[in-house]
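Reader: I would like a close look at a single part of this model, namely its largest pocket, and after that a careful account of the strands and the helix described alongside. Please keep the answer connected, and name residues wherever you can.

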Amino acid sequence: MAQGHGEARGRTGRWTKGVLLLGGWLTGCAAQSPSILAPVSPKGRAEAELFWFILLITAGVFILVETLLLYAVFRFRARDPQAVPPQIHGNNALEISWTTATAVGLAVIFAMTWRTMAATSQPPADAMPVKVIGHQWWWEFQYPTLGITTANELVIPVGQPIRAIVTSADVIHSFWVPQLGGKMDAIPGRENTLWLQADVEGVYYGQCAELCGISHANMRLQVRVVSASEFQRWVEAQRAPVAQPADSLTQQGYQIFMSKACVGCHTIDGTPAQGKVGPNLTHVGSRTTIAAGLLENTPENMARWLEDPPAVKPGSLMPRLGLTPDEIQALVAFLSSLK
Ligand code: CUA
């Protein structure tokens with residue numbers, strides 16, 4: 001009896017949680033939850049308009065069908081269970097009209113979808129190229145015209161169209177920043193083009209949208225949209241040579257980085273570290289997050305990551321390197337200095 005009571009309470013608890021989750025989802029109150037219905041780009045706006053247009057048509061159909069159904073249920077209900085209703089064999093006029101209406105409705109939706117796709121599939125001719133490369137489990141961004149390579153945080157100037165050339169280094173990923181428009185598959189050996197543009201400064205969150213392994217959900221990214229002058233400053237800082245170690249701890253961190261496995265996977269421009277497997281760390285100190293957006297870029301989090309990467313990001317290709325606390329402290333000082 002007591003057990004039955006507990007089960008009932010468990011069920012109620014699950015229901016309450018479900019309703020709360022649904023409520024949170026419907027009102028979009030989840031922290032940093034980006035929505036395709038809050039677009040900040042021409043492409044995103046066109047897609048959101050198409051969504052509302054299709055919703056309007058389908059909602060009209062739903063209301064019409066449900067109204068007729070309810071009317072029929074009440075108006076023609078059997079008052080005498082014994083009575084045989086009038087026997088009819090189809091109604092040509094009705095059948096032709098609802099088939100035609102459905103076909104016309106679908107044709108209109110098709111035409112509107114086609115128009116939106118044609119208008120948004122290619123970026124404007126003056127777009128700045130950025131190569132977006134999906135990796136298990138982080139994003140690489142290369143600016144071929146600027147000679148910059150960074151990771152997980154795409155910085156772009158406000159109002160500037162970007163030609164994102166999307167590809168992958170391993171398995172299929174999908175690049176998706178909801179407020180900037182639709183998804184684009186990142187396929188190894190293939191380059192897909194996506195028009196990115198943001199007309200409002202701010203930070204827009206994105207996420208890999210194609211199951212790509214154990215840390216698929218941990219493959220996040222940010223698009224930081226800044227003014228033209230701030231972008232120029234960012235470009236200059238990114239192209240500046242790597243900072244020289246300023247104190248002995250930083251110097252020690254530099255030595256550890258160059259003598260341990262780090263150099264096999266990471267590049268720091270202007271140093272012997274030229275690995276291409278993991279993110280380019282030349283200016284890692286200037287990023288706001290580490291580990292593909294999982295952790296804020298603080299010394300504590302950097303230490304946590306260096307101590308045991310797979311504990312932070314399951315499946316992480318960066319293994320636990322068995323660094324001592326002293327080594328970690330020196331590495332954190334060095335990496336944080338790379339602004
Ligand atoms: Cu990459 Cu999912």
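**The largest pocket and the strands**

Author: In this predicted model, the largest pocket holds about 640 Å³ of space. Its lining is made up of 33 residues, and those closest to the centre of the pocket are His-266, Gly-278, Pro-279, Trp-305 and Met-318. Three elements give two or more residues each to that lining, namely helix H6 (262-265), strand E11 (289-290) and helix H7 (299-307). Sorted by class, the lining residues of the largest pocket comprise 22 nonpolar, 8 polar and 3 charged ones.

Turning from the pocket to the strands, one can begin with an open sheet of 5 strands, in which the order is E3-E2-E1-E5-E8 and the pairing is mixed. Strand E3 (148-151) and strand E8 (192-196) are its edge strands, since each of them pairs on one side only. On average, and with direction ignored, neighbouring strands of this sheet are turned by 25 degrees against each other. Helix H4 (residues 228-239) packs on the sheet, where it touches E1, E2 and E3, and the direction of H4 makes about 95 degrees with that of E3. Within the sheet, strand E1 (residues 128-135) and strand E2 (residues 138-143) run antiparallel and are joined by 5 bridges; Gly-134 has Trp-139 in E2 as its bridge partner.

A further set of pairings involves strand E10 (residues 220-226), which is mostly covered, with 5 of its 7 residues buried. E10 pairs with E4 in the parallel sense over 5 bridges, and Leu-154 stands opposite Val-223 in E10. Strand E9 (residues 202-207), by contrast, runs antiparallel to E10 and is joined to E10 by 6 bridges, with Gly-202 standing opposite Val-225 in E10.

Ile-156 offers a residue-level view of this region, as it is found in strand E4 (residues 153-157). Its relative accessible area is 0%, and because buried means under 20%, Ile-156 counts as buried. Leaving aside residues up to four places away in sequence, Ile-156 touches Ile-162, Ala-198, Val-223, Arg-224, Val-225, Val-226 and Phe-231. One of these contacts, Ala-198, lies 42 residues from Ile-156 along the chain, and the C-alpha atoms of the two are separated by 8.3 Å.

Conventions:
Residues numbered from 1 in each chain as written. Predicted model: local features only at pLDDT ≥ 70, side-chain atom pairs only at ≥ 80, totals over all residues. Heavy atoms only, no water. 1 Å grid on protein atoms, 1.4 Å probe; cavity = no way out; pocket = protein on both sides within 12 Å on 5 of 7 lines; lining within 4 Å. Points joined across faces, edges and corners; volume = space filled by probe spheres on them. Helix = DSSP H or I, 4+ residues; strand = E, 2+ residues; numbered from the N terminus. Nonpolar A, V, L, I, M, F, W, Y, C, P; charged D, E, K, R; others polar. Buried < 20%, exposed > 50% of the residue type's maximum accessible area, 1.4 Å probe, protein only. Contact = heavy atoms within 4.5 Å. Pairing = 2+ DSSP bridges. Axes fitted to C-alpha atoms, helices over the stretch in contact; angles between N-to-C directions.
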